[in-house]
Amino acid sequence: MSRDEHLFGPGPKRILALDGGGVRGIISLAFLERIEALLAARAGSEAGPEAGPEAGPGAGPAAPPFRLGDYFDLIGGTSTGSLIATGLALGFSVGQLIAMYLTLARQGFRGARWHGGILIPKFRTRPLVELLKRQIGETTLGSEQILTGLAIVAKRLDTGSVWVFHNNPRAPYFDPAERDPQAVPNRDLPLVNLVRASTAAPTFFAPERIEVARGVSGVFVDGGVSPHNNPSLLLLMLAGIEGYGYRWPLGAENLLLCSVGTGEQPVTHDSAALTAATSATVALHALTSTMNDCKWLNQALLQWIGVCPTLWPIDSEIGDLSHDRFGGGAFLHYLRYDLLLERRWLDRTLGLAATDRELAALARMDRPEQVERLLELGRAAAAVQVQDTHFPTRFDAVGQAAVA
């Protein structure tokens with residue numbers, strides 16, 4: 001199936017939204033690994049880098065290998081999620097991305113020689129860019145190598161605005177020759193630069209400069225410092241708001257949105273210590289708390305307006321919104337998968353034990369030595385959470401036809 005068939009073909013539409021979270025992106029890949037396997041089995045194919053062998057003498061050739069890009073019509077991500085989304089949209093299997101991610105964790109997070117806390121970024125940019133170029137090459141956002149819809153979320157710091165770069169050829173800035181002759185067409189922007197922009201977390205990586213108009217460069221940082229570190233609500237807006245050009249019909253029968261997190265550790269601070277903390281420490285906690293608020297606001301809104309078989313409790317007052325429905329109807333079929341890095345949750349949900357010290361290290365976004373353990377926990381959570389019935393068969397027809 002071509003990109004345009006995904007974007008403008010008939011039938012229900014499916015969106016995959018991938019959170020930011022640094023090296024914890026390996027948790028998202030653990031969930032995607034199980035989703036890929038379940039959907040591949042349903043489609044009568046295999047999830048892997050190569051097609052399987054023939055069934056036996058006289059049998060026809062095996063079905064081509066299944067990819068999540070065969071199923072989802074739009075794949076979008078923020079920060080580390082943008083890297084995974086790009087790989088999936090280019091036709092990578094989840095297994096290939098896990099292998100790439102393990103390499104990225106070891107080689108892409110190399111400390112800067114003169115790292116100076118908040119003064120100098122913690123990691124060097126060159127190793128990350130070199131790794132991205134080896135995987136993505138010179139591919140641009142408008143390339144036919146991108147098999148499905150792709151959206152990358154970044155924050156333009158010099159104007160304080162959220163930018164979502166996407167490959168819809170009907171979008172105003174994909175090829176804005178008539179609308180704005182001075183604008184650089186989004187179709188010509190290299191994916192390496194867009195992923196670098198979306199992953200440029202302040203204090204970890206340097207900002208990325210991208211020419212957006214002739215002689216005008218925007219300064220871009222990690223999309224996670226916007227309300228859209230979890231890009232689910234933004235991708236729903238992208239699909240449904242007329243100005244973006246998709247104009248997909250809403251409704252639980254028409255639209256499936258699958259959102260995948262990168263793990264979360266519930267945050268609590270000692271009140272006495274926080275009261276006595278420096279202003280810089282308080283400001284940092286306030287910023288991270290705001291990002292967490294945005295995540296849970298997205299979650300509450302999507303559970304409120306959608307049919308959701310994967311409900312998460314929002315707080316002790318409103319619960320999981322299972323008895324609430326905005327306006328009496330549902331705008332979408334909504335799924336959310338994530339891992340809580342919390343001792344009681346791991347024990348109760350997965351039967352796994354972890355110390356508070358280990359969980360504190362796992363919750364960090366910049367600890368590449370933790371990726372194998374994060375992958376293990378993610379796979380355990382995926383085995384429990386992701387069920388075949390979460391993906392109604394009414395959303396299968398187009399995706400299965402692509403690999404049958």
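## A tour of salt bridges and helices

A search of the whole structure, which is a predicted model, finds 20 salt bridges. Side chains of opposite charge can pair when their charged atoms come close. The tour begins with three of these pairs and then moves on to the helices.

**First stop: Arg 196 and Glu 208.** Select Arg 196 together with Glu 208, and you will find a salt bridge in which the closest N and O atoms are 3.1 Å apart. Arg 196 belongs to helix 7 (residues 191–198) and Glu 208 to strand 5 (residues 208–213), so this pair ties together parts that are 12 residues apart in sequence. If you switch on a surface, bear in mind that Arg 196 counts as buried, with a relative accessibility of 2%, and that Glu 208 also counts as buried, at 12%.

**Next: Arg 394 and Glu 253.** Now select Arg 394 and Glu 253, which form a salt bridge whose closest N and O atoms are 3.4 Å apart. Arg 394 sits in the loop between helix 13 (371–385) and helix 14 (397–403), while Glu 253 sits in the loop between helix 8 (232–240) and strand 7 (255–260), so the pair ties together parts that are 141 residues apart in sequence. Are these two residues buried or exposed? Arg 394 is partly exposed, with a relative accessible area of 32%, whereas Glu 253 counts as exposed at 51%.

**Then: Asp 338 and Arg 336.** Selecting Asp 338 and Arg 336 shows another salt bridge, with 3.2 Å between the closest N and O atoms. Asp 338 is buried, its relative accessible area being 3%, and Arg 336 is buried with a value of 3%. Extend the selection to Asp 19, Glu 264 and Lys 295, since salt bridges with shared partners join these residues, Arg 336 and Asp 338 into one network.

**Helix 13 and its neighbour.** Select helix 13 and place a distance line between its end C-alpha atoms: they are 20 Å apart, which agrees with the 21 Å that its 15 residues should span at 1.5 Å a residue. Among the buried residues of helix 13 are Val 371, Arg 373, Leu 374, Leu 375, Leu 377 and Gly 378, and further along the helix Ala 381, Ala 382 and Gln 385 are buried as well.

Add helix 11 (residues 343–350) to the view. Two packed helices are described by the angle between their axes and the distance between the axes. Here the axes of helix 11 and helix 13 come within 10 Å and cross at roughly 50°, which makes helix 11 oblique to helix 13. The crossing of these two helices is left-handed. Which residues meet between helix 11 and helix 13? From helix 11, show Trp 345, Thr 349 and Leu 350; they meet Leu 377, Ala 380, Ala 381, Val 384 and Gln 385 in helix 13.

**Helix 8.** Move to helix 8, where seven of the nine residues are buried, so this helix is largely enclosed by the rest of the structure. The buried residues to colour are Ser 232, Leu 233, Leu 234, Leu 235, Leu 236, Leu 238 and Ala 239.

**Last stop: Leu 274.** Finish in helix 9 (residues 271–275), where Leu 274 is found. Leu 274 is partly exposed, with a relative accessible area of 31%. Leaving aside residues up to four places away in sequence, Leu 274 touches His 269, Val 282 and His 285. Of these contacts, His 285 is 11 residues away from Leu 274 along the chain, and the C-alpha atoms of the two are separated by 9.2 Å.

Technical notes. Residues numbered from 1 in each chain as written. Predicted model: local features only at pLDDT ≥ 70, side-chain atom pairs only at ≥ 80, totals over all residues. Heavy atoms only, no water. Salt bridge = Lys/Arg side-chain N within 4 Å of Asp/Glu carboxyl O. Helix = DSSP H or I, 4+ residues; strand = E, 2+ residues; numbered from the N terminus. Buried < 20%, exposed > 50% of the residue type's maximum accessible area, 1.4 Å probe, protein only. Expected span 1.5 Å × (residues − 1). Axes fitted to C-alpha atoms, helices over the stretch in contact; angles between N-to-C directions. Parallel < 35°, antiparallel > 145°, perpendicular 65-115°, else oblique. Left-handed = near helix turned anticlockwise from the far one by under 90°. Contact = heavy atoms within 4.5 Å.
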